Amino acid sequence: LHTTNGGLNWTPQVSGTSARLFGVSFADENKGIITGGAILRTTNGGIDWIPLQLVDNWSALLDFSFADANVGVGVGYPKYGGGLIKRTTDGGFNWNNENNDRAWPNSFSHISFADRNNGMLIGFWNFGHTTDGGVTWKIIDYFESRYNGPYFFNGLDAINSSTMVLV
């Protein structure tokens, strides 16, 4: 759906893909990305969406965040379990796996950048932090072991490099 009047009216749009879509974010008023089982990009404020690539048949990017107009990171789950991190450095045209050599135990569900370098992600029992724009990630905490039980979070916002809010 698309609105140009603050949400008073919404216009249905065709995505050009049959893949499930989960997240949308804009780097500025014209450049935006939609993720899910496919990655779509707009350069005209969401009027038209161009399919860039399929994630693959069973993987999905559930959420993503732009550190600036070019650098963005998407998180989700890969085909064979664990966590998926994909990163773009050209505004979303090309995406690379950033965790091929890392053993993430669970999928990721949310990500947020406070600035160009500092970002945080959460997943099912995982919590991670980057200080280099999403090139490398450090697991900070496992919620299950520290807080006695599995926690599933529905939202994340990084306010600055050391402060974030989870819901």
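**View 1. G119 and its partner across the β10–β11 pairing.** G119 stands opposite T130, a residue of β11. The model shown here and in every other view is predicted. Strand β11 covers residues 126-130 and runs antiparallel to β10. The two strands are joined by 4 bridges.

**View 2. Strand β10, enclosed along its length.** How many of the residues of β10 are buried? The count is 5 of the 5, so this strand, residues 119-123, is largely enclosed by the rest of the structure. In a regular strand, side chains alternate between the two faces of the sheet. In β10, G119, L121 and G123 point one way. M120 and I122 point the other way. Both sets are buried.

**View 3. The β9–β10 hairpin.** β9 and β10 form a hairpin, with 5 residues between them. Their pairing is antiparallel and holds 5 bridges. Two positions help to trace the register. H110 has I122 of β10 as its bridge partner. S112 stands opposite M120, also in β10. β9 is mostly covered, with 6 of its 6 residues buried.

**View 4. The largest nonpolar core.** This core has 10 residues in all. They are A67, V71, V73, V75, I85, F108, I111, F113, L121 and W137. Strands β6 (72-77) and β9 (108-113) each supply at least two of its residues. Which strand gives the largest share? It is β9, with 3 residues. L121 belongs to this core and lies in the buried strand β10.

**View 5. The surroundings of I111.** I111 is a member of the largest nonpolar core. Neighbours within four places in sequence are left aside in this view. What remains in contact with I111 is D63, F64, S65, V73, V75, M120, L121, W137 and L156. Of these, V73, V75, L121 and W137 are also members of the core. M120 sits opposite S112 in the β9–β10 pairing.

A second core lies apart from the one I111 belongs to. This separate core has 7 residues, including L61, F66, L84 and W95.

**View 6. The open sheet β5-β6-β7-β8.** Four strands make up this open sheet, in the order β5-β6-β7-β8, and the pairing is antiparallel. Which strands are at the edges? They are β5 (60-66) and β8 (96-97), each of which pairs on one side only. Between β5 and β6 there are 6 bridges, and these two strands run antiparallel. One pair to pick out is S65 with V73, its bridge partner in β6. S65 and V73 both appear among the contacts of I111.

**View 7. The largest pocket.** Rolling a probe the size of a water molecule over the atoms shows where empty space is left. The largest pocket holds about 270 Å³ of space. Its lining counts 15 residues. Nearest the centre are L1, H2, Q13, I34 and W49. Which strand gives the most to the lining? That is β1, residues 21-26, with 3 residues. By type, the lining has 9 nonpolar residues and 6 polar ones. No charged residue takes part.

**View 8. S161 in the loop between β13 and β14.** S161 sits in the loop that follows β13 (156-158) and leads to β14. Is S161 buried or partly exposed? Its relative accessibility is 38%, so S161 counts as partly exposed. Neighbours within four places in sequence aside, S161 is in contact with A114, N118, M120 and H129. M120 is thus shared with the contact list of I111. S161 and F113 lie 48 residues apart in sequence, with 8.5 Å between their C-alpha atoms. F113 is one of the residues of the largest nonpolar core.

**View 9. L166 in strand β14.** L166 lies in β14, which covers residues 164-166. With 26% relative accessibility, L166 counts as partly exposed. G155 is 11 residues away from L166 in sequence. Their C-alpha atoms are 5.7 Å apart in space.

**View 10. The whole chain, for orientation.** The secondary structure comes to 1 helix and 14 strands. Of the 167 residues in the chain, 44% are buried. Consider contacts between residues at least 6 apart in sequence. Among these, 36% join residues at least 24 apart.

Key. Residues numbered from 1 in each chain as written. Predicted model: local features only at pLDDT ≥ 70, side-chain atom pairs only at ≥ 80, totals over all residues. Heavy atoms only, no water. 1 Å grid on protein atoms, 1.4 Å probe; cavity = no way out; pocket = protein on both sides within 12 Å on 5 of 7 lines; lining within 4 Å. Points joined across faces, edges and corners; volume = space filled by probe spheres on them. Nonpolar A, V, L, I, M, F, W, Y, C, P; charged D, E, K, R; others polar. Core = buried A, V, L, I, M, F, W, Y, C linked by side-chain atoms within 4.5 Å. Buried < 20%, exposed > 50% of the residue type's maximum accessible area, 1.4 Å probe, protein only. Contact = heavy atoms within 4.5 Å. Pairing = 2+ DSSP bridges.
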